[in-house]
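User: I would like to learn how to read the packing of helices and the lining of a pocket. Could you take me through the features one at a time?

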Amino acid sequence: MISRLALLSLICLGTAGCAALNARNAAAEEEPIVATAPAEGDTRGADLSIWDDSRFKDQFTDSYVADTEIEPRVTTIERDVMLSVIELLREAGDLEGEARLTKQAEAIEVIEEENSETGTAVFDFTLGNIYFEQEKLPEAEVAYREAIEKHRKFRRAWRSLGMLYIRQSNWEQAIEAMTKVIELGGGDGITYGLMGFAYSSINNPLSAESAYRQAILLEPGRLDWKMGLVRSFFRQQRFADVVALSNEMIEKDTSNADLWLLQANAYLQLNQPMDAAENYEFVDRLGKSTPETLNMLGDIYLNQEFYDLAVASYIRSLEHEEAKDPSRAVQAARVLTARAELELTAQLVAVIKANFEEELSVDDRKAILRMEARFALAEGATDREAEIIREIVELDPLDGEALILLGQHEASKVRDQQAAVQAVKASDNPDPADVEAADAALAEQVAKAVFYFERAAAIEGFEADASVRQAQLMVRLGQYEKALPLLRRAQQIKPRENVQQYLQQVERIARSG
């Protein structure tokens, strides 16, 4: 770094008024200087590659000339033309609709009549601004480029071009233009802020952070730049910084739902779910909840095992005016069912069906039917359970799990039919017709169960389980020779220790019989 003394020497170099100072510098140079060698791995300033960079050399050469040319020069005639154009645009500003466009067209006509390749860049710049206001962005870009071509240091043109690229989401070119504005001394808060936004949009959070910090320094009261900085922290996974900065911002504006939600996401990343839940609840009290935020709140409560609060959140999500998709609530109901919270599950399922029964996907409808089957089973209503399972099979004839459940339901009735046959045969002088009818009823019931088991066994992924269930039915009937091939087939498809033990037991019984 150049010392203050040396800097003054450079400023005064070659001037008679600085003779005394130069003399003092000469005396100072005679004093011994203790130099230290750079540490291993350090790079000296003189070794930097920038000194050989052609762009740096051009900039250094330009530095010999006072940089006052950020605005193009305008001749007396061009100035008069621009005054008339400005008057037309002022009049256009007081009009609306077609009248406004007509007046702007007059201004464009005046400029185009006077403009030329050697005309002032202000003409092209003004055309660009008019087109920009009319949302004719391609025409505006051409005009701004023409202005810059005529006057490379036209800062206002670079700035407007950068804003145009921001509007077009052309981030790389926007950054290039805004960088040029800053090089030309136009680094104000908006320029840095828009540059931060552009860097953020190309997923360069570190550069975005630097730009946003400069923007905040110049415009500390603008919320957009602070929000951008918070988001750059989030993308860098600096979640503690997100929480800290958003706390500062929330203190100044407690009604900003975006801040609460951004902080909630940071809390989740920091594994502080209940802090996130507080934020989601506050957003709800602000009246700014969405189905997504309410579902997130429900998920937090569900994972923390606050099941009643979870169900209340999912229900609020389902009843929200913007609610469209019940799948999160259906998944939550599955979890609650698995955790034996059947009463709460029933409440949630009732709201799902009341609001989205027609919109449910086939998978979600099947899931709800299975839950309702569980409700029926819990209440001892096995016939109702079977009816629900049949609805599942109607929705999806290839639902192997439902087919096995139906087979089990029918197999459970075989025991009653066996008891009926035994009762008829055990009576005094049983009527042969009654015995025959009882045997026929038993055979029919067995056939119903086997029908469902065989259908399930024909579906990939359910062969083994269906075969085991059918084998269990055959063992109950004492038909061991029919059970053995079913069990062996199941073991070939899906070997399991408990099934192997069961197979060996049946083999022993079959041999002993």
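Analyst: Let us begin with a contact between two helices, keeping in mind that this is a predicted model. On one side of the contact, α6 contributes Ala121, Asp124, Phe125, Leu127, Gly128, Asn129, Tyr131 and Phe132, and these meet Leu137, Glu139, Ala140, Ala143, Tyr144, Glu146, Ala147 and Lys150 of α7. Sorted by class, the residues of this contact are 10 nonpolar, two polar and four charged.

User: How are two packed helices described, and at what angle do the axes of α6 and α7 cross?

Analyst: In general, a packed pair is described by the angle between the two axes and by the distance between them. Here the axes of α6, residues 121–133, and α7, residues 137–150, come within 8 Å and cross at roughly 165 degrees. An angle over 145 degrees counts as roughly antiparallel, and α6 and α7 are therefore roughly antiparallel to each other. The crossing of this pair is left-handed.

User: Which residues make the contact between α4 and α5, and at what angle do the axes of these helices cross?

Analyst: Taking the angle before the residues, the axes of α4 (residues 76–93) and α5 (residues 97–114) come within 8 Å and cross at roughly 170 degrees, which makes α4 roughly antiparallel to α5. From α4 the contact uses Val81, Ser84, Val85, Leu88, Leu89, Glu91, Ala92 and Gly93, while α5 supplies Arg100, Lys103, Gln104, Glu106, Ala107, Val110, Ile111 and Glu114. These residues divide into eight nonpolar, three polar and five charged.

User: Is the crossing of α15 and α16 left-handed or right-handed, and which residues make the contact?

Analyst: The axes of α15, residues 273–285, and α16, residues 291–303, come within 10 Å and cross at roughly 145 degrees, and the crossing is left-handed. Among the residues that make the contact are Tyr280 and Glu281 of α15 and Leu297 and Ile300 of α16. By class, this contact has 10 nonpolar, one polar and two charged residues.

User: Turning to pockets, what is the volume of the second largest pocket, and which residues are closest to its centre?

Analyst: A pocket can be read by its volume and then by its lining. The second largest pocket has a volume of about 240 Å³, and of the 13 residues lining it, Arg370, Met371, Arg374, Glu401 and Leu405 are the closest to its centre. The elements that each give two or more residues to this lining are α18 (327–338), α20 (362–378), α21 (382–395) and α22 (400–426), and α20 gives the most, with six residues. The lining has seven nonpolar, one polar and five charged residues.

Key: Residues are numbered from 1 along each chain as its sequence is written. This is a predicted model: local features need pLDDT of at least 70, side-chain atom pairs count only at pLDDT 80 or more; totals for chains, interfaces and linings use all residues. Side-chain values use heavy atoms; hydrogens and water are left out. On a 1 Å grid over the protein atoms alone, a cavity is a set of points where a 1.4 Å probe fits but cannot get out, and a pocket is an open set with protein on both sides within 12 Å along at least five of seven lines; lining residues have an atom within 4 Å of a point. Grid points are joined across faces, edges and corners, and a volume is the space filled by probe spheres set on the points. Helices (H or I, at least four residues) and strands (E, at least two) are DSSP runs, numbered from the N terminus. Ala, Val, Leu, Ile, Met, Phe, Trp, Tyr, Cys and Pro count as nonpolar, Asp, Glu, Lys and Arg as charged, and the others, Gly among them, as polar. Axes are lines fitted to C-alpha atoms, for helices over the stretch in contact, and angles run from 0 to 180 degrees between N-to-C directions. Angles under 35 degrees count as roughly parallel, over 145 as roughly antiparallel, 65 to 115 as roughly perpendicular and the rest as oblique. A crossing is left-handed if the near helix is turned anticlockwise from the far one by less than a right angle, and right-handed if clockwise. Contact means heavy atoms within 4.5 Å.
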